[in-house]
Every structure is written in structure tokens, then in C-alpha cells.
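The report below is meant to be read alongside the sequence and the coordinates. Its topics are the sheets, the helix packing and the contact between chains.

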Amino acid sequence: MPVAIEAHHISKQFFLGERNQRTFFEDIWSNTIFGVQRFLQPGRAGLAQPSRPSFWALHDVSFQLHQGETLAIIGENGAGKSTLLKILSRITQPTKGKARVFGRLASLLEVGAGFHPEFSGRDNIYLNGTMLGFSKKEIRQKFDEIVDFSGLEKFIDVPVKNYSSGMYIRLAFSVAAILNPEIVILDEVIAVGDAAFKKKCFERVESIFKQGHTVIMVNHELAHLRRMSHRCLWLRHGQVEMFGPTNEVVTHYERAMNEAVDERRRPAELAGSEYASAAAFLATPTN
Amino acid sequence: MPASQIDFAEPSYVVEPGKLLDSHPKSLWAYRELFLLLVKRDFVAAYKQTALGPFWFFVQPFLASLAFLVVFSQIARLSTTDLPPLVFYMSGIIVWNFFSNCVSKVAYTFLLNAQVFRKIYFPRLIMPLSQIGTNLLNFIPQLGVLFLLIGFYNLSGRGIALSSWLFALPLTLGLMALLALGLGCLIAAATVKYRDLTIVVGYMLNLWMYGSLVICPRSAVPPNLSWLVTLNPMASFVECYRSSLFGTEHSQGGPLMIAIAITLLLAALGLACFKKAERTFTDHI
């Protein structure tokens, strides 16, 4: 099976604190002082510019994903999931490391970002499609299918600024889902719109899976992941805690999460489930 | 569908430090359809929900020319070569508007597109290029109005001959566009750090116009200020533009060479800074 994504030792460093807070003249001033000090005392480095605090949002992340496989990325908030996705989709660059991506990559929900409010739904389909790297011809071939899927036939020539937020998301989802980029990112809320459209979304996602697309899933329910994804990448504090078959990784992840919760819990509450103890806690005042 | 189209020997793209966003000609060419759609988008969107719509193309330069006519021709008595003042001012104003709109629109690239840039990848240079395209598209009907004005003068007996150098006009416009692109990209890169810079740019562009031979020919510039005009690339380009239209002035070789050198330098610097800014700006803005 050919490779879809190859990530080698990807690291991303972020600077904290004062970055970008100074004005133009403050910058000029401090750089001048720094320059003069360096000129006077060449031996001493870092006089006027102390090293800024930083942290590694990702550290040495490597993995390989084959064409047609589904990858689940799991981890707590701030583990680096979105940073990794941003790097893979070229929104930001890694500080170190390298990734090779084979095919177009798009997220099913973030597509609507390129919509122009004054443009009609029709024009926005073309605008967004070309932003994703599709040719006008490809979009024209699928145009009817996109409109049909979104259920917005009647409104397709209305400027999208007059759309309801539900209609807006439906159109955005339809563009990416029907154009079928080779690598699809499925973010948390794949179910958008009303109940009927939700059902359509799930069916569409199922068919994306069946068609053998490469899919990256983030922020999904663990049970859902066990059923749908082949490989799982567990990130913790920006590092790969585990990478392998989903069942195995998710089992370890759940155990670790439960242990973490148990540690925080008082012994008396250990008996019940999290919800039961919460319910008990809420019930206390009335008793 | 597309799985069969992927070439598995070559990755579609590689992400690594310093080489993330490729703005080289080949990848820009691949997005040419996006470029055209963006030009169309901005062209159309600018006149949606306005009272005069596309008539703004004509009204604005006309009103500005009338104001110049009163101030610079009637009150200040500045020469306008052999041309009727209205034609002289109008030709200058439309080309200056083209240049200054290009600079200010390109300068806003990162500030206005932050939302899109944070979600979808495409070569970022497409945005500034499409702004240049839109403004070029805005300029053409204005040039048409200028020709109508010339025709009107000719009919009323005051002959205005067009120069045989008319073919050089696109070249002059190209040089102005390149200068605007370079300068705009440079400012755009700086706005990633200093967001209020664009306000200063607006004022600078207003001032700059008065030193760019829009209101008077080179011959009317006081000698103690002529060095300023010589070093100003836009002055040479505006002069060049007018001489390719009417032939009432002659382009000066020396200043033109200086102008072209400055343009190439600024374009190279601007594009390099833009490339550097586009790599990291999502971490900043």
C-alpha cells in the first residue's frame, strides 16, 4: 500500500510572553541599544534581549500513514493535535523535522473560511474549490452533486451573507465532502445542520471510508474511533505516547485517563462512576 | 476518484522548516484559476450595494481632476505642458489611483486574509497578485473615459494628438505594478508585527502623489526640488506613461534607469520579506 503521509521527527516551538507586544519605535530603540552593547562588548551575548521563554508544542513526532488508512489522533487538550494538523496542512511550518504528503489534504469543516459574503453560493463553491487546489473543470463536473447534497438548490444564487449559519455550514461541508480530496481531516463535529442533514453527513462519511480515502480523525468519541479507524496516534504534551493499532492504543489511553481521574478523586467517591458521583454531589443540598 | 491521479513517487508537497510555502512560479501557475476568481470576486464585490455602482470608476477621477483644475491650474498657475489641464490631471490621477490602490490593497494582505490563511493553504502570493489584477481591471475603463475626454476635446476643435509610443503604455503600467507589488509586500510583511502600519501608508501615499509629477510636468518642478523627483521612481513612471500617451513630454533616460533599478530592488526585497512573513505569520497575528 502506498504511503499517504510520512512525518519525520516533527517539532514545533512556540515562544511565550512578550513577543509582538512592542511598538515599532521600541523595537528600533532596543535593537539600537543591543547593537551598541554588542559593538562595545563583543564577548557578551544576549545583553538587551534575554532569551524568551518557549515551549515545544510538538516534539519529535514521527509516524507513517498509508493510502486508504484511517488515522485517529487522540490526546488531552493542548497535547498538540491541532498544531500537528496545521503543520500537515501547511498552515504553519515545523521548527524541526519534515513531512511528506501525497495528495491534496482538506478538512471537511474549515472550508467555509474562504467564503465571500457578497458572492452567491454558486460562486463560493468555485472559489473554495480552487482554493483547495481543484481545477474549475473538476468542480464543474461535481457541481450538481455538491448543490444536491447541500440541499440548497433554491438558494444557490443568493449571496451567502444571507444564509443562515446552518446553511453556511452545510454548503461548506458539501464542497469538501463531494470534491473528495485525497486526504480528509474529519474534525469533531461532522454532524452539522438539522437531523436530516446529520444523517446525510454520516452516510457521506461512511462512504468516504468505504471508497478507501485516507482519513485523519480528531476529537471523536473513543468508541467511534475503535470502530472506524485503523491506526491511532496518542499525543501527550507534544510527544508521541503511543502509535499503533487503534484498539490497543485506545485501551491504554482509557486506562491512563481513568487513572488520572482516580488520582484526583476522593476515596469515598471511588465506588461510583464519574456521573454517579456528580449526581450525588448535586443531590446533596436537597437532602 | 482521485487516488489514481496521485503520483506516488513524488510527494504532492513536503513540509519542512524554511521551505513550507512555495511561491515559485510553478505552484503559482497551478492556482491560476483561483487568481482569476479572486480578481472577479474583488471587482464585483467592490460595487455591490453602492448607489452609483461601477460609475464610481468615472465619477471619482473626474471630480478629483476638477479640484486639481481649480487649485493647481487656476490658483497656483502650474503648467500642464500643451495639454488641456483637465486631460493632464485626469491622466495623472487615474494612473496614480491605480498605483496607490495596488500598494494599499497589497499591504492589507495578511490583515484582511488572516481568517482564510489560518484555515486553508494556497500560495499566499496569489492574494497580492489578484489585487494587482483587480486594480488593473479597474484602470482600463478609466483609461476609456480619458480617451472619451480626449475625443470630446478633438471634436470641439482643440486637437490632442496621441503619441506613436502608445504601445509602451502596458510596459509602464507593468513597471508601476511591479513597484506597487514590491512595496506592498514589504509593508504587508511588516504589518504582521506592526498592525497599524497601514494607516501611515495611507498618508504617505497621499503625500507621495504630489512629488510624482501628477500635478505638473518635470519642467515645472522648482530646481531645488528636482533631485527629489529624480530619485522618485513613480515620477519617472508617470512621466513615461504620459509621454507614451501624448508625447508632449519626453522621458528622461537617467531618472528612468534609477526608477527601474529601485523597482527591481524593492520587488526582490518585498517578495523575500513576504515569503519570510507567510511562513510564520499564523503564529503571530
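What follows describes a predicted model, beginning with the make-up of chain A and ending with a helix pair of chain B.

**Chain A in outline**

The secondary structure of chain A amounts to nine helices and nine strands. Of the 287 residues in this chain, 37% count as buried. Among the contacts in chain A with a separation of 6 or more, 71% are accounted for by residues 24 or more positions apart.

**The six-stranded sheet**

Within chain A, six strands form an open sheet of mixed pairing, in the order β5-β6-β7-β3-β8-β9. The edges are taken by β5 (105–107) and β9 (239–245) of chain A, and because each has a single partner strand, one side of each is left without a neighbour in the sheet. Neighbouring strands of this sheet are turned by 20 degrees against each other on average, direction ignored.

Strand β3 (residues 70–74) of chain A has parallel pairings with two strands: four bridges connect β3(A) with strand β7 (residues 214–218) of chain A, and four bridges join β3(A) to β8(A). In the pairing with β7(A), A:Ile73 stands opposite A:Val218, while in the pairing with β8(A), A:Leu71 stands opposite A:Arg231. Further along the sheet, β8(A) and β9(A) pair in the antiparallel sense over six bridges, with A:Leu235 opposite A:Val240 in β9(A). These two strands, β8(A) and β9(A), form a hairpin with two residues between them, and A:His237 in the turn has a positive phi of about 50 degrees.

Helix α8 (residues 246–264) of chain A lies across β3, β8 (231–236) and β9 of chain A, and runs at about 135 degrees to β9(A).

**A sheet shared by the two chains**

A second open sheet draws on both chains: its four strands follow the order β2(A)-β1(A)-β4(A)-β1(B), and the pairing is antiparallel. Its edge strands are β2 (54–66) of chain A and β1 of chain B, each of which pairs on one side only. The twist averages 15 degrees from one strand to the next.

Strand β1 (residues 3–15) of chain A pairs with β4(A) over five bridges, and here A:Glu6 stands opposite A:Arg100. Strand β4 (residues 96–101) of chain A also pairs with β1(B), in the antiparallel sense over three bridges. A:Arg100 takes part there too, with B:Val14 as its bridge partner in β1(B).

The strand pairings with a named residue pair in these two sheets can be set out as follows.

| Strand pair | Sense and bridges | Opposed residues |
|---|---|---|
| β3(A) and β7(A) | parallel, four bridges | A:Ile73 and A:Val218 |
| β3(A) and β8(A) | parallel, four bridges | A:Leu71 and A:Arg231 |
| β8(A) and β9(A) | antiparallel, six bridges | A:Leu235 and A:Val240 |
| β1(A) and β4(A) | antiparallel, five bridges | A:Glu6 and A:Arg100 |
| β4(A) and β1(B) | antiparallel, three bridges | A:Arg100 and B:Val14 |

**The contact between chains A and B**

The contact takes 39 residues from chain A and 34 residues from chain B. On the side of chain B that touches chain A, at least two residues each are supplied by β1 (13–15), α2 (32–45), α5 (109–119) and α11 (253–280) of chain B. Of these, α2(B) gives the most, with five residues. By class, this side of chain B has 20 nonpolar, five polar and nine charged residues.

The helix α2 of chain B also appears in the surroundings of helix α3 (residues 121–131) of chain A, which is mostly covered, with ten of its eleven residues buried. The buried residues of α3(A), among them A:Asp123, A:Ile125, A:Tyr126, A:Leu127 and A:Met131, pack against α4 (136–150) and α5 (165–179) of chain A together with α2 of chain B. After α3(A) comes A:Gly133, whose phi is positive, near 100 degrees.

**A helix pair in chain B**

Helix α3 (residues 56–75) of chain B and helix α4 (residues 85–107) of chain B pack at an angle of about 125 degrees, with their axes 9 Å apart. The two helices α3(B) and α4(B) are therefore oblique to each other, and their crossing is right-handed. The residues making the contact include B:Phe68 and B:Leu69 of α3(B) and B:Tyr89, B:Met90 and B:Ile93 of α4(B). By class, the residues of the contact of α3(B) with α4(B) divide into ten nonpolar, three polar and no charged.

Definitions and conventions: Residues numbered from 1 in each chain as written. Chains lettered and ligands numbered in written order. Predicted model: local features only at pLDDT ≥ 70, side-chain atom pairs only at ≥ 80, totals over all residues. Contact = placed C-beta atoms within 7 Å. Nonpolar A, V, L, I, M, F, W, Y, C, P; charged D, E, K, R; others polar. Pairing = 2+ DSSP bridges. Axes fitted to C-alpha atoms, helices over the stretch in contact; angles between N-to-C directions. Buried ≥ 20, exposed ≤ 12 C-beta atoms within 10 Å, placed from the backbone. Parallel < 35°, antiparallel > 145°, perpendicular 65-115°, else oblique. Left-handed = near helix turned anticlockwise from the far one by under 90°.
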